[in-house]
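Let us walk through this structure step by step, looking at how its charged side chains pair and at what its cysteines do.

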Amino acid sequence: MGETKGKTLNGKSVIKFVSDHAIIFLIILLALYTWINSQNFVSPDNLGNLISNVAPRFIIACGVSGCLITKGTDLSAGRQVGLAACLAAMMQQTLDYSARVFDWMPDMPWFAALLITLAVMAIFGAINGCVIAFLKVPPFIATLGMQTLVYGLCQIITGNQPIGGFKESYRALASGNFFSNALGNYARLLPYLLLPALLVGLFMWFLYNKTRHGKYMYAIGGNESAAQVAGVNVSASLIRIYILASVLYALAGFLIGSKAGGASTATGTGYELEAIAACTIGGVSVNGGVGKVSGILVGVLVFEVLKICLQFLRFDPAYTYIAQGLVIIVAVALDLRKYLAKK
């Protein structure tokens, strides 16, 4: 008879678990402290604001996660989000708006604008994937170059001018809440932005856990050479991963433009670093081969709760950036520690 080996709960294992998830526990303690010192911290308005901020960032982090799992990265994510927001904004300006970017553009329903934005941004993902897969350019360098390229293109298209004057149908996509009549103020906990984030989360979970593409992705992240020998088409898989990432950035940018009521070349700045940090906090290893969609959601929540806590505690915004930077460094350091411990 074979023996079943299980993990025993002892002091050493508890200490290891706490140290591996130190950032999450610290943010929970910070949230409890903020709650004690601020009455409105757990109000429906604040929680609704948290959910509305988490939703598009979760979508971006899901896009970045595939790149990280295959030992890559995508530094162009934030700029692609910004370009997508600007493209959607240009297509959703009212016909009588005096500062329209393109006067010749016809009236367009938001769904058509979304499809066009997804298709255009998929091209950038395909370029990223091809450069990484065929030219063997390291993902860090390839996506850094794409980041600069997309930013320059966005400046040319927009003329460095902010874009506003959106149609009400576009603005309403991210400004409303489900069951607002029945739930009153508590409807803030069910913003419209929750639905696309939920659908993306379910799709990504299915893709990562129940499809051949997901198995190939984890295999490439674990050992690319072994995956290739086993018959995995590594190049095709990488291209698909980066195309999907750009499509998700496009969706997030489309929603962020609607939520903000405007777009500019500054939209999406730094979002790629937040997404990478959120993925790492949530257990997606920068060393590849590891990551869960549920962990990504936890990581995004932790990062957003940190920002809201510092706002409620009236910290100077400069200190917020310092705190975010420290979280990114510590998250990657803990991830490398776990990787070295396995070796």
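## Charged pairs and cysteines

In this model, which is predicted, there are 6 salt bridges. As a general background, side chains of opposite charge can pair when their charged atoms come close.

Consider the pair made by arginine 188 and aspartate 45, whose side chains meet in a salt bridge with 3.4 Å from N to O. This pair links distant parts of the chain, since arginine 188 sits in the loop between α8 (180-183) and α9 (194-210), whereas aspartate 45 belongs to helix α3 (residues 44-69), and the two are 143 residues apart. Arginine 188 counts as partly exposed because its relative accessibility is 26%, and aspartate 45, with a relative accessible area of 39%, is likewise partly exposed.

Now turn to glutamate 274, which forms a salt bridge with arginine 57, where the closest N and O atoms are 3.2 Å apart. Here too distant parts of the chain are linked, for glutamate 274 is found in helix α13 (residues 271-281) and arginine 57 in helix α3, 217 residues apart. Are these two residues, glutamate 274 and arginine 57, buried or exposed? Glutamate 274 and arginine 57 are both buried.

Glutamate 274 also forms a salt bridge with lysine 307, and in this pair the closest N and O atoms are 3.2 Å apart. Because glutamate 274 lies in helix α13 and lysine 307 in helix α14 (residues 293-312), the pair ties together parts that are 33 residues apart in sequence. Lysine 307 is buried, as is glutamate 274. Taking the wider view, a network of salt bridges links Arg57, Glu274, Glu304 and Lys307.

The cysteines can be followed in a similar way. A disulfide is a covalent bond between the sulfur atoms of two cysteines. How many disulfides does the structure hold? The structure holds 0 disulfides, and the distances between sulfur atoms help to explain this count for two of the cysteines. For cysteine 67, the closest cysteine sulfur is that of cysteine 279, and because the distance is 9.1 Å, the two are too far apart for a bond. Cysteine 279, in turn, has its closest cysteine sulfur in cysteine 62, at 7.5 Å, which is also too far for a bond. To count as a disulfide, the two sulfur atoms would have to be within 2.5 Å. Cysteine 67 counts as buried because its relative accessibility is 0%, and cysteine 279 counts as buried at 0% relative accessibility.

Terms used: Residues are numbered from 1 along each chain as its sequence is written. This is a predicted model: local features need pLDDT of at least 70, side-chain atom pairs count only at pLDDT 80 or more; totals for chains, interfaces and linings use all residues. Side-chain values use heavy atoms; hydrogens and water are left out. Buried means under 20% relative accessible area, exposed over 50%, partly exposed in between (1.4 Å probe, protein chains only). A salt bridge is a side-chain nitrogen of Lys or Arg within 4 Å of a carboxyl oxygen of Asp or Glu. Helices (H or I, at least four residues) and strands (E, at least two) are DSSP runs, numbered from the N terminus.
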